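Reader: Please take a close look at one part of this model, the annotated binding site. I would like to know where its residues sit and what surrounds them.

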Amino acid sequence: EWLEASNAPITDGALKDGHKVPLLANLGSPKEAAGAIALGAEGVGLFRTEFLFLDSATAPTVAEQEVQYTELLEAFPGKKVVVRALDAGADKPLSFLNEAHEENPALGLRGIRALRVKENILRDQLTALVNAQNKTEADLWVMAPMVADAEETDYFVGLCRELGLRVPGVMAEVPSLALVADQVLETADFVSIGTNDLTQYTMAADRMLGTVGSYQDPWHPAVLRLIKQLGDAGIASGKPVGVCGEAAADPNLAIVLVGLGVTTLSMTPAALAEVRAALLTVTLDEAKARAARALNGRTAAEARKLGSE
Ligand code: PEP
Ligand code: MG
């Protein structure tokens with residue numbers, strides 16, 4: 001149904017009533033920038049830096065990283081680019097950050113937890129980002145993965161500000177962070193919801209494990225209720241709350257997310273046209289009504305049905 005409309009000319013993301021919803025791209029390399037722009041990306045909502053270094057035996061140097069980040073930022077003058085600090089661990093181990101074998105790596109020393117143990121690696125990455133920021137025109141935002149609470153938020157945000165990064169934020173991937181979203185937004189400038197991990201951790205079902213694959217559904221009302229809590233905290237604080245997990249690429253769910261208070265959507269560039277077309281079919285009040293219905297589903301399937309009509 002959206003596919004036909006998605007042949008329409010590329011415009012900035014907006015609802016039928018003109019309410020703007022910037023549509024951003026998830027990227028894993030600066031080489032993907034041109035393709036994303038051609039598909040209408042208004043910026044980058046998630047740059048997965050760990051993808052650059054999956055094969056590295058040693059930590060990348062500041063200079064080596066600066067080259068990559070500069071190339072990325074140069075592709076987006078005047079545009080928002082959200083770079084994520086290394087998300088090492090679980091499905092994406094980096095040999096220089098993850099050493100010990102873990103029985104349950106998804107619940108282990110992952111993301112900000114691993115970076116905090118090796119703070120010199122985090123400092124090098126943030127320094128490379130500051131250097132790239134200071135010689136380009138992009139609007140650089142930086143966020144940490146796998147953050148659990150306000151204390152970890154304060155740690156990351158403090159380090160970013162100390163080193164000269166202008167817009168520090170955190171990802172909402174762990175349910176505990178969503179539950180204290182108001183506290184998190186006292187210091188973070190923004191939150192970006194990673195619905196892949198937020199779903200995995202809310203449902204306690206390994207996202208890599210096929211036998212529990214049916215639990216990995218971001219339409220589950222438990223996940224939607226956590227997103228609502230994050231959206232409400234964003235509205236109360238006046239700070240942006242985006243989504244950069246795969247949920248943003250589902251046109252009907254994208255509408256519900258906006259209805260829950262989400263301010264930007266970031267996705268694989270191939271999904272941008274369909275989501276743009278879907279958003280144009282509803283007003284903000286209609287999106288809120290769909291969100292309210294979806295929250296009452298008793299299952300993911302029921303929420304999907306209620307939220308799509
Ligand atoms: C997520 O968890 O939704 C996310 C965007 O991060 P990743 O998929 O890289 O874990
Ligand atoms: Mg994640």
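Author: The unreviewed UniProt entry places the feature "binding site" at Arg48, Arg84, Asn196, Asp197 and Arg207. The coordinates are those of a predicted model, and the positions of the feature come from the record.

Arg84 belongs to strand 3, which covers residues 80-84. It counts as buried, because 24 C-beta neighbours lie inside 10 Å and the cut-off for that class is 20 or more. Setting aside neighbours within four places in sequence, the contacts of Arg84 are Leu46, Phe47, Arg48, Thr49, Met143 and Pro145. One of these contacts, Arg48, is itself listed by UniProt under "binding site".

Arg207 is placed in a loop, the one that runs between helix 9 (195-203) and helix 10 (221-237). Arg207 has 17 C-beta neighbours inside 10 Å and therefore counts as partly exposed; that class lies between the limits of 12 or fewer for exposed and 20 or more for buried. Beyond the residues up to four places away in sequence, Arg207 touches Asn196, Gln200 and Gln216. Of these, Asn196 is another position in the UniProt feature.

The surroundings of ligand 1 take in part of the annotated set. Its shell is made up of Leu46, Arg48, Asp87, Glu173, Gly194, Thr195, Asn196, Asp197, Cys244 and Gly245. Arg48, Asn196 and Asp197 are thus found both in this shell and in the UniProt feature. Helix 9 is the main contributor to the shell, with three residues. Strand 2 (44-48) and helix 9 each provide at least two. Sorted by class, the residues around ligand 1 are two nonpolar, four polar and four charged.

As for the chain that holds this site, it has 14 helices and eight strands. The radius of gyration is 18 Å, close to the 19 Å that the globule rule gives for 309 residues, so the chain is as compact as a globular protein of that length. Along the principal axes, its C-alpha atoms fill a box of roughly 50 × 40 × 35 Å. Half of the chain, 50% of the 309 residues, counts as buried, and Arg84 is one of the buried residues. Among contacts between residues at least 6 apart in sequence, 67% join residues at least 24 apart.

Note on methods: Residues numbered from 1 in each chain as written. Chains lettered and ligands numbered in written order. Predicted model: local features only at pLDDT ≥ 70, side-chain atom pairs only at ≥ 80, totals over all residues. Helix = DSSP H or I, 4+ residues; strand = E, 2+ residues; numbered from the N terminus. Rg over C-alpha atoms; globule rule 2.2 N^0.38 Å. Contact = placed C-beta atoms within 7 Å. UniProt positions renumbered as here; feature names shortened; annotations may be inferred. Near = placed C-beta within 6 Å. Nonpolar A, V, L, I, M, F, W, Y, C, P; charged D, E, K, R; others polar.
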